Amino acid sequence: MKYICIHQHCYQPPRENPWLEKIEIQESAYPYHDWNERINAECYAPNTASRMLDDRHQITKIVNNYASTSFNFGPTLLSWAEGAAPEAYRSILAADRQSRQRFSGHGSALAQVFNHMIMPLASRRDKYTQVKWGIADFVARFERAPEGMWLPETAVDLETLEVLAELGVKFTVLSPYQARSVRKIGDESWRDVSGGQIDPTRAYVHRLRTGASIDIFFYDGPVSQAVAFERLLDSGERFANRLMSAFSDARDWDQLVHIATDGETYGHHHRYGEMALAYALDHIERCGLARLTNYGEYLEQHPPLHEVRIVENTAWSCVHGVGRWKESCGCNTGAHSDWNQNWRKPLREALDWLRDLITPQFESAAGRLVHEPWAARDAYIDVLLDHSETSRLKFLRDHTLKPLSRNQEVRLWKMLEMMRHAMLMYTSCGWFFDDLSGIETIQVIQYAGRVVQLAEELFGAPVEATFLEHLSKAVSNIPEQGDGARIYARFVKPNIVDLEKLGAHYAISSLFENYTEETQIYCYSAQRTDYRLIEAGKLRLALGRAAFTSSITQEWKDLAFGVLHFGDHNLTGGVRQFQGDEAYQELVTQAGDAFYRADVPEVIRLIDRGFGTNIYSLKSLFRDEQRNLVDRILKTTIEEAESAYRGVYEHHAPLMRFLHGLKLPTPRVFQHAAGVALNAMLRKAFDARPFDVERVRTLLDEARVAGAELDSTTLEYTLRKRIERISDRFDADPKDRKAVEQLTEALALQDVLPFQLVLWSVQNKCYEVLQSTFPEMWRRAQTGDVDAARWIEKFRALGRRVNLKIEAPEPSLRPTRRLN
């Protein structure tokens with residue numbers, strides 16, 4: 001028998017702001033909000049609904065690739081997807097359920113250690129917690145125990161394998177270069193297989209020092225390399241043939257050809273790679289070339305007959321062992337040949353110093369509140385997965401020495417959060433790339449910043465200054481970025497949030513948002529007890545009081561605030577601990593009276609006096625709200641500028657058409673004016689209600705004549721979202737012929753667009769209707785239902801617009817005549 005298994009390692013570094021527990025806007029991911037959203041749109045979601053095409057490039061089938069492959073998703077990525085990409089999240093979980101039906105009860109999903117920590121460089125306690133948290137997260141989402149676990153970067157040592165085995169993991173997957181020697185079970189002599197010589201087509205067992213064992217698969221290195229780096233995904237048929245070439249008639253056992261790559265290979269790194277994967281799997285199965293399987297099924301049917309020994313402290317992405325995550329070993333992305341990675345060692349040493357400082361403090365302080373501090377940390381995953389009051393109370397009942405006061409509870413949650421972030425700061429991506437100032441490295445330094453903040457709050461002693469001394473030894477390749485301390489000051493310090501800063505954000509944003517008495521702001525709640533807004537022209541004064549609570553640590557404060565907005569981006573405000581009704585009412589009365597007198601300097605003086613050093617500005621807003629507010633402030637200004645450019649364009653449009661008719665170049669100043677004007681007009685036309693298709697066609701034609709440069713990225717995304725909204729109406733009532741016609745008409749714009757429109761979501765809806773509604777309408781049409789026949793006609797036209805192959809549900813139901 002020939003078996004094939006393809007493993008997708010799907011992972012993104014945790015990108016959440018450590019203080020807000022949400023990803024803030026990342027401009028480099030435009031037009032998407034952040035890189036998770038972008039990569040989901042380019043890879044994870046497409047793999048849940050991959051297209052199968054015929055020779056006319058029509059969609060014949062849409063399949064969930066994950067149901068036919070082996071895969072793992074990092075817990076932090078799935079946590080993001082659950083809230084931000086629910087459709088893809090549900091499809092990933094569904095794929096595992098489908099794979100269990102397909103592969104003899106064995107699900108294709110593998111677990112992953114919690115936050116992609118390089119395990120050989122971790123302490124045993126961190127190894128244990130990482131595996132335990134990874135398993136708990138997997139069970140909570142997939143509703144079954146994992147059989148296998150993916151190790152970050154496949155980095156491995158014996159202690160890691162022992163922890164896996166101790167916690168019930170049956171197998172893992174490694175690179176062929178991580179095998180040292182093998183022997184048949186029962187033989188005495190070992191055969192050297194170092195340098196990637198191990199036969200990857202069978203499973204192996206590793207006997208451990210503890211007396212336990214764990215099974216290991218070593219993926220096919222050459223084929224995996226070709227998929228990732230040799231453009232093998234340019235052709236699904238070539239991909240299938242390459243997989244089949246890995247079998248050998250010289251082997252006398254049931255061979256398993258299996259590969260492992262980053263899941264992002266299929267769609268993000270290689271556009272349409274998910275379609276090549278779907279084609280290859282279908283081709284192999286349809287032609288009977290091999291049987292698709294997953295690791296769990298193959299292992300049950302083919303228990304290991306050979307033992308293996310590994311090469312410790314190795315990984316699949318570093319030829320120097322695990323040097324890539326602790327030193328300048330020479331491994332990098334290759335994008336900057338003149339850069340060095342000397343910063344890696346001092347970065348790790350700074351984090352190690354911080355970890356070693358807080359560990360005994362945690363043990364001592366937590367030991368006065370809970371039975372066993374490390375057991376409490378291991379169990380904290382249950383609270384992370386469910387922040388409800390019920391979950392918290394259960395945790396406290398199970399682990400505390402006695403009932404705790406509210407302040408003691410807050411202290412315990414803070415300690416556990418400190419230890420969580422002390423693991424997050426070791427996320428592998430912080431060292432993987434080329435410079436200290438990369439967004440992945442800044443992210444791990446932010447996690448360290450959260451550890452520093454919590455340690456100082458919990459234990460009183462200063463930590464930050466000494467930490468920065470260590471961090472300053474790490475130096476960026478970019479002179480302007482300086483060293484680690486400077487990067488911390490520039491990118492971490494401004495992002496640190498306490499409840500006063502949260503109060504400032506609430507106060508400022510309340511000028512532009514209609515908050516209710518109870519409001520959720522990221523992982524905090526605000527309970528308003530008083531709020532007053534006074535307006536006079538552009539001037540606005542907001543005064544109020546609210547209680548702010550962290551849903552993570554349960555820390556809370558009762559704060560008073562005041563903010564004066566001068567118009568545009570100019571404002572000033574203050575926040576302080578609520579000091580009683582008398583002091584609060586005095587401030588409200590005095591500031592209100594001064595405002596009514598239009599005595600702005602007095603209002604500012606009262607805010608300064610009333611709030612002391614806790615003065616905030618627009619810069620105090622969190623990033624997304626800051627961006628939204630700036631957009632609102634700039635909206636009028638931009639519209640004025642666009643109107644001016646539109647006037648220039650419309651005045652000179654006849655001349656531009658004349659020059660175009662003579663085939664003479666349009667002056668660049670005219671092209672620029674036309675570009676600004678027409679991009680603005682197209683954006684408005686895409687959002688207009690009703691959607692005027694002819695207006696859009698006219699504007700696109702004008703842009704072509706004027707030689708205007710269109711912002712294809714923004715326009716494509718804007719139009720895509722508009723068409724998706726039109727398709728929502730069709731999806732809600734697919735039998736509505738008018739909805740079918742409107743969607744078809746909107747899609748007809750593809751004929752004149754100077755860019756390719758992404759139709760993934762619309763195609764999915766049409767395919768679902770083809771599977772559900774179309775057969776019923778077809779049967780009705782065969783019985784003489786004229787409306788159904790007309791619907792069929794309209795739906796076929798829609799199918800042509802989305803490249804969907806539409807055939808009669810059954811040959812016997814083909815019509816003998818066309819109904820008008």
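I take a helix to be a DSSP run of H or I with at least four residues, numbered from the N terminus. The model I examined is predicted.

**Entry 1: the second largest pocket**

I looked up the volume of the second largest pocket and found about 1,400 Å³ of space. I then listed the lining, which consists of 46 residues. Nearest the centre of this pocket I noted Phe-229, Asp-262, Trp-316, Ser-317 and Phe-432.

Which element supplies the largest share of the lining of the second largest pocket? I recorded α6 as the source, with six residues. Helix α6 spans 221-229. I also asked which elements each supply at least two residues of this lining. My list holds α1 (35-48), α6, β12 (255-262), α15 (429-432) and α16 (439-459).

For the chemical character of the lining, I sorted its residues by class and obtained 21 nonpolar, 18 polar and seven charged.

**Entry 2: cysteines**

I searched for disulfides and found zero in the structure. I then checked two cysteines individually. Cys-287 is in no disulfide, and the nearest cysteine sulfur, that of Cys-5, lies 20 Å away. A disulfide would require the two sulfur atoms to be within 2.5 Å.

Is Cys-287 buried or exposed, or between the two? I noted a relative accessible area of 40%, so Cys-287 is classed as partly exposed.

Cys-429 is likewise in no disulfide. The nearest cysteine sulfur to that of Cys-429 belongs to Cys-10, at 14 Å. I entered Cys-429 as buried because its relative accessibility is 9%, where the cut-off for buried is under 20%.

How values were computed: Residues are numbered from 1 along each chain as its sequence is written. This is a predicted model: local features need pLDDT of at least 70, side-chain atom pairs count only at pLDDT 80 or more; totals for chains, interfaces and linings use all residues. Side-chain values use heavy atoms; hydrogens and water are left out. On a 1 Å grid over the protein atoms alone, a cavity is a set of points where a 1.4 Å probe fits but cannot get out, and a pocket is an open set with protein on both sides within 12 Å along at least five of seven lines; lining residues have an atom within 4 Å of a point. Grid points are joined across faces, edges and corners, and a volume is the space filled by probe spheres set on the points. Ala, Val, Leu, Ile, Met, Phe, Trp, Tyr, Cys and Pro count as nonpolar, Asp, Glu, Lys and Arg as charged, and the others, Gly among them, as polar. Buried means under 20% relative accessible area, exposed over 50%, partly exposed in between (1.4 Å probe, protein chains only).
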